[in-house]
Structure formats: C-alpha cells, structure tokens
Amino acid sequence: MKDDFSGDMKMKIISKLAFLTIILTFAIVLPENFTGKAFVPFKEGETLKFTIHVGDILVGRQTMKYGGIKYYNGNKCHYAIADTVSEEYIKDKFNYELHDVISAYIDAKTMQPQLVKKSIKEGDW
C-alpha cells in the first residue's frame with residue numbers, strides 16, 4: 001500500500017500546526033484595557049490538548065499550556081508553551097520522529113511577542 005504523503009510534508013504540516021495553534025490561542029487573549037486589567041480566558045496551568053490528523057491518519061498530538069503572567073525585560077507578559085509530538089507508529093513506520101516545544105512571552109499590553117523559544121526535533125535533525 002502506497003502512502004499518500006511524504007515525511008517532509010508531514011513535518012511541514014505538523015510544524016505549521018504547532019505554530020498556528022499557539023498564535024491562535026493568544027489571538028483570543030485580549031490586550032489590557034484602560035483599567036490595566038487584562039482579560040485572560042485561561043487560568044494559570046490550564047491546558048488544551050489536540051490531536052493532529054493528516055486526512056484520516058492520526059500523526060501527532062499537541063498540548064498547549066498557559067503559564068500565567070510572567071515578566072520579561074520588565075514587561076508584564078502572558079507565558080505559554082506548545083508541546084507537539086508525533087505518534088510512535090509514525091516513528092516506527094516512517095523512521096520519523098517529531099518533538100517540538102515552543103514557548104512564548106507575549107506582552108500583556110500590546111499582545112506583541114517579546115520572546116519566542118523553539119526546541120525542535122524533527123527527523124534526524
């Protein structure tokens with residue numbers, strides 16, 4: 001049976017999904033209003049869990065966690081982590097493993113990213 005997608009295509013899809021979900025999550029965290037209080041729809045430690053499919057095939061999972069308010073360079077920021085991993089059978093069948101961790105400090109007033117860190121393991125690199 002021939003596979004419908006290549007390892008490179010899967011890697012690109014999963015990487016883009018990881019980045020997109022962390023950005024979309026913070027799109028709903030509104031900037032501070034004139035009272036100085038930020039509306040945050042998540043509580044510190046709250047997580048969202050996703051499954052990642054290519055067609056009908058489950059290829060990975062992602063956990064996103066809101067880490068609460070942290071300070072970066074003196075600025076009050078929202079802190080979040082997205083952790084994406086490929087399924088074990090993807091590694092076994094395609095000899096491909098993915099484990100991406102993306103963390104972000106997003107300014108509470110401007111909603112502009114202040115720092116984004118990536119730890120990426122995709123395939124052999």
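Select first the turn between β2 and β3: these strands form a hairpin with 2 residues between them, and Asn-73 in that turn has a positive phi of about 50°. The model on display is a predicted one, and the tour moves outward from this hairpin to the sheet, then to a buried pair of side chains, and finally to the salt bridges.

**The sheet**

Keep β2 and β3 selected. They run antiparallel and are joined by 12 bridges. To find one rung of this ladder, pick Met-64, whose bridge partner in β3 is Ala-82.

Now extend the selection to every strand of the sheet. There are 5 strands, arranged as an open sheet in the order β1-β2-β3-β4-β5, with antiparallel pairing. At the edges stand β1 (47–54) and β5; each has a single partner strand, so one side of each is left without a neighbour in the sheet. On average, neighbouring strands are turned by 15° against each other, direction ignored. While viewing the strands, it is useful to recall a general pattern: in a regular strand the side chains alternate between the two faces of the sheet.

Begin at the β1 edge. The pairing of β1 with β2 is antiparallel and extends over 8 bridges. Select Thr-47 to see one of the paired positions; its bridge partner in β2 is Lys-65.

Pass next to β3 and β4. Here 9 bridges join the two strands, which again run antiparallel. Two residue pairs serve as landmarks. Cys-77 stands opposite Asp-107 in β4, and Val-85 stands opposite His-99 in β4.

Colour β4 by accessibility at this point. How many of the 10 residues of β4 are buried? The count is 8, and the strand is mostly covered.

The last step across the sheet leads from β4 to β5, which pair in the antiparallel sense over 9 bridges. Ala-104 stands opposite Val-116 in β5. Follow the chain from β4 into β5 to find another hairpin, with 5 residues between the strands. Met-111 lies in its turn and has a positive phi of about 60°.

**A buried pair on β2 and β3**

Return to the middle of the sheet and select His-78, which is placed in strand β3 (residues 75–86). Is this residue buried or exposed? His-78 is buried, with a relative accessible area of 0%.

Show the side chain of Tyr-66 as well, in strand β2 (residues 57–72). Tyr-66 has a relative accessibility of 7%, so it falls under the 20% limit and counts as buried. The side chains of His-78 and Tyr-66 are joined by a polar contact of 2.8 Å.

With Tyr-66 still selected, add Phe-42. These two residues are 24 residues apart along the chain, and their C-alpha atoms are separated by 6.8 Å.

**The salt bridges**

For the final part, display the charged side chains. In general, side chains of opposite charge can pair when their charged atoms come close. The structure holds 3 salt bridges.

Select Glu-87 and Arg-61. They form a salt bridge in which the closest N and O atoms are 2.8 Å apart. Glu-87 lies in the loop between β3 and α2 (88–94), whereas Arg-61 belongs to strand β2, so the pair ties together parts that are 26 residues apart in sequence. The accessibility of the partners can be inspected in turn: Glu-87 counts as buried at 14%, and Arg-61 counts as partly exposed at 40%.

Next select Glu-97. Which residue forms a salt bridge with Glu-97 at 3.7 Å between the closest N and O atoms? That partner is Lys-91. Glu-97 counts as partly exposed at 27% relative accessibility, and Lys-91 counts as partly exposed at 35%.

Then add Lys-121, which forms a salt bridge with Glu-97, the closest N and O atoms being 3.8 Å apart. Lys-121 lies in strand β5 (residues 113–122) and Glu-97 in the loop between α2 and β4 (98–107), so this pair ties together parts that are 24 residues apart in sequence. Lys-121 counts as partly exposed, with a relative accessibility of 37%.

To close the tour, keep Lys-91, Glu-97 and Lys-121 selected together: salt bridges that share partners join them into one network.

Key:
Residues are numbered from 1 along each chain as its sequence is written. This is a predicted model: local features need pLDDT of at least 70, side-chain atom pairs count only at pLDDT 80 or more; totals for chains, interfaces and linings use all residues. Side-chain values use heavy atoms; hydrogens and water are left out. Helices (H or I, at least four residues) and strands (E, at least two) are DSSP runs, numbered from the N terminus. Buried means under 20% relative accessible area, exposed over 50%, partly exposed in between (1.4 Å probe, protein chains only). A polar contact is a pair of N or O atoms within 3.5 Å; within protein, one must be able to donate a hydrogen and the other to accept it, and residues adjacent in sequence count only if both atoms are side-chain atoms. A salt bridge is a side-chain nitrogen of Lys or Arg within 4 Å of a carboxyl oxygen of Asp or Glu. Two strands pair if DSSP finds at least two bridges between them. Axes are lines fitted to C-alpha atoms, for helices over the stretch in contact, and angles run from 0 to 180 degrees between N-to-C directions.
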